[in-house]
Amino acid sequence: MKTSARFSLVVVTAAFALAGCAPAAAPSTPTASATPTPTPTPSPTRTPDPLDGMSLADKVGQLFMVGTSVDGADATTVAAVRDDHIGGIFLHGRSDAGTEAIANLVSGFTSTVPAGRPPLWVATDQEGGTVQVLSGPGYDDIPSALDQAQSDDAALRASAATWGTQLAAAGVNMNLAPVADIVTSAEFAASNPPIGELAREYGYDEATVAAKAGAFAAGMRDGGVLPTFKHFPGLGHVDDNTDYSTGVTDDTVTADGPDVGVYSTVLPQGPAVVMLSTAISAQIDPSAPAAFSPAVVGVLRDRVGFDGVVTVDDLSAARQVQPWSPADRATLAVDAGVDLLLVSADPSVYPEMHQAVLSRAESDPAFAAKVDAAARRILAQKAAMP
């Protein structure tokens, strides 16, 4: 028999056997069927918790952004960076000294952060118009938001990228801008001290504000700077300024209105921080300023769907928050769900605030869990930055 014929016979016989139709054959020693070796299920890799190895005091420190004058380092803020490992510093005042001077100021702080520690956020207010902290050599004169809005979106984004690059050149990596408030109308602007009187608004309707604030924020990101949308849920309808008055209340903004709608549009577009107003938003929570209101934070988290870092307007010198002690301002904000506490204009109140948050976290597990959640969001946002 030829080899090919023998191979055909074997194949046919095997086919009968597989079909259960093979002729009976003499018994033979059974061959153990091959049992496949089970593939071990790999143990899931544990995602490292950014809080691993951090003390409670270090976590509390990350929740603070403390101000320092652009004219020189404030001793309280230097100590806060060095000893409490705070999350960030805020450059306040006005400087026309230019990039080199600001870079030297910033490096005096960043150089004190030990290796292995979370990086320091360095923030300022570089909106444009009357609100531009840094000017001089290396900085453009930025037009007001109202004037910026005359550019098309692409041109505004390109301009903001240049302004962001100028900030980054001095070590500034966060801008507390753009303003996302809707002022009721051009006619009402003169009656709206915090926004309209200063031409800080991009426009008078949801679509315009979202488009222009979104373009500014995109440009900041292009320039290597994290933008901050403010002042949630809206400060464009009040007739007093929270910096200089108490009891400032907004009776217009609602949880499902256009002021909140701006945030629903711009926040999915890229990384950003959101700043809460210290005004009372009576249609959402008439019992407390937005910065101390779990209901207002809930609108941002649950209705808008924002899971990033939430900060607040100044808790140090603003008249609106003076009825509360510095300790209460800090603990109320954290209890409400705020992540980053801005102590910008008067750093002297920071030590009391820090101690209050630390003491409460040491004695109250539910509050300590909120501190952990806030610190985790802050560290995640820092890790995601270039």
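1. In this predicted model, helix α6 (residues 153-168) and helix α7 (residues 206-222) cross at roughly 40°, and their axes come within 6 Å of each other. This angle makes α6 oblique to α7. The crossing of the two helices is right-handed. On the side of α6 the contact is formed by D153, L156, R157, A160, A161, W163, G164 and L167, and on the side of α7 by A211, K212, A215, F216, A218, G219, M220 and D222. By class, the residues of this contact of α6 with α7 comprise 10 nonpolar, 2 polar and 4 charged.

2. One residue of this contact, L156, may be considered in more detail. L156 belongs to helix α6. Is L156 buried or exposed? With a relative accessible area of 2%, L156 is buried, because the cut-off for a buried residue is under 20%. Leaving aside residues up to four places away in sequence, L156 touches Q148, S151, W163, Y202, K212, A215 and F216. Between L156 and G219 there are 7.6 Å in space, C-alpha to C-alpha, although the two residues are 63 residues apart in sequence.

3. As to the chain as a whole, the protein chain holds 12 helices and 12 strands. Of its 386 residues, 51% are buried. Among the contacts in the protein chain with a separation of 6 or more, 74% are between residues 24 or more positions apart.

4. The model contains an open sheet of 8 strands. In which order do the strands stand? The order is β11-β9-β7-β6-β3-β2-β1-β12, and the pairing is parallel. The edges are occupied by β11 (310-312) and β12 (341-343); each has a single partner strand, so one side of each is left without a neighbour in the sheet. Strands of a sheet pair through backbone hydrogen bonds, in either a parallel or an antiparallel arrangement.

5. Strand β1 (residues 64-69) pairs with β12 in the parallel sense over 3 bridges. Within this pairing, V66 stands opposite V343 of β12. Strand β1 also pairs with β2, again in the parallel sense, over 5 bridges. Here S69 is placed opposite H92 of β2. Strand β2 (residues 88-92) has 4 of its 5 residues buried, so it is largely enclosed by the rest of the structure.

6. Two helices may be described by the strands that they lie across. Helix α7 lies across β6 (174-175) and β7 (226-232), and runs at about 150° to β7. Helix α11 (residues 350-363) lies across β1 and β12, and its direction is at about 170° to β1.

7. Helix α11 also packs with other helices, including α3 (residues 75-84); the axes of α3 and α11 come within 11 Å and cross at roughly 30°. The two helices are therefore roughly parallel to each other. In this contact, T76, A80 and D84 of α3 meet Y350, P351 and H354 of α11. The contact of α3 with α11 has 3 nonpolar, 2 polar and 1 charged residues.

8. With helix α12 (residues 365-384), α11 packs at an angle of about 125°, the axes being 6 Å apart. That angle makes α11 oblique to α12. The crossing of α11 and α12 is left-handed. The residues that meet are V357, R360, A361 and S363 of α11 and P365, F367, A368 and V371 of α12. By class, this contact of α11 with α12 has 6 nonpolar, 1 polar and 1 charged residues.

9. Why is helix α10 (residues 326-336) described as largely enclosed by the rest of the structure? The reason is that 8 of the 11 residues of α10 are buried. The buried residues of α10 are P326, A327, R329, A330, T331, A333, V334 and A336. They pack against α9 (294-303), β12, α11 and α12. Just after α10, G337 takes a positive phi of about 110°.

10. Taken together, these points place α11 in several packing arrangements: it lies across β1 and β12, it packs with α12, and it is among the elements against which the buried residues of α10 pack. Strand β12, an edge strand of the sheet, is likewise among the elements against which those residues of α10 pack.

Notes. Residues are numbered from 1 along each chain as its sequence is written. This is a predicted model: local features need pLDDT of at least 70, side-chain atom pairs count only at pLDDT 80 or more; totals for chains, interfaces and linings use all residues. Side-chain values use heavy atoms; hydrogens and water are left out. Axes are lines fitted to C-alpha atoms, for helices over the stretch in contact, and angles run from 0 to 180 degrees between N-to-C directions. Angles under 35 degrees count as roughly parallel, over 145 as roughly antiparallel, 65 to 115 as roughly perpendicular and the rest as oblique. A crossing is left-handed if the near helix is turned anticlockwise from the far one by less than a right angle, and right-handed if clockwise. Contact means heavy atoms within 4.5 Å. Ala, Val, Leu, Ile, Met, Phe, Trp, Tyr, Cys and Pro count as nonpolar, Asp, Glu, Lys and Arg as charged, and the others, Gly among them, as polar. Two strands pair if DSSP finds at least two bridges between them. Buried means under 20% relative accessible area, exposed over 50%, partly exposed in between (1.4 Å probe, protein chains only).
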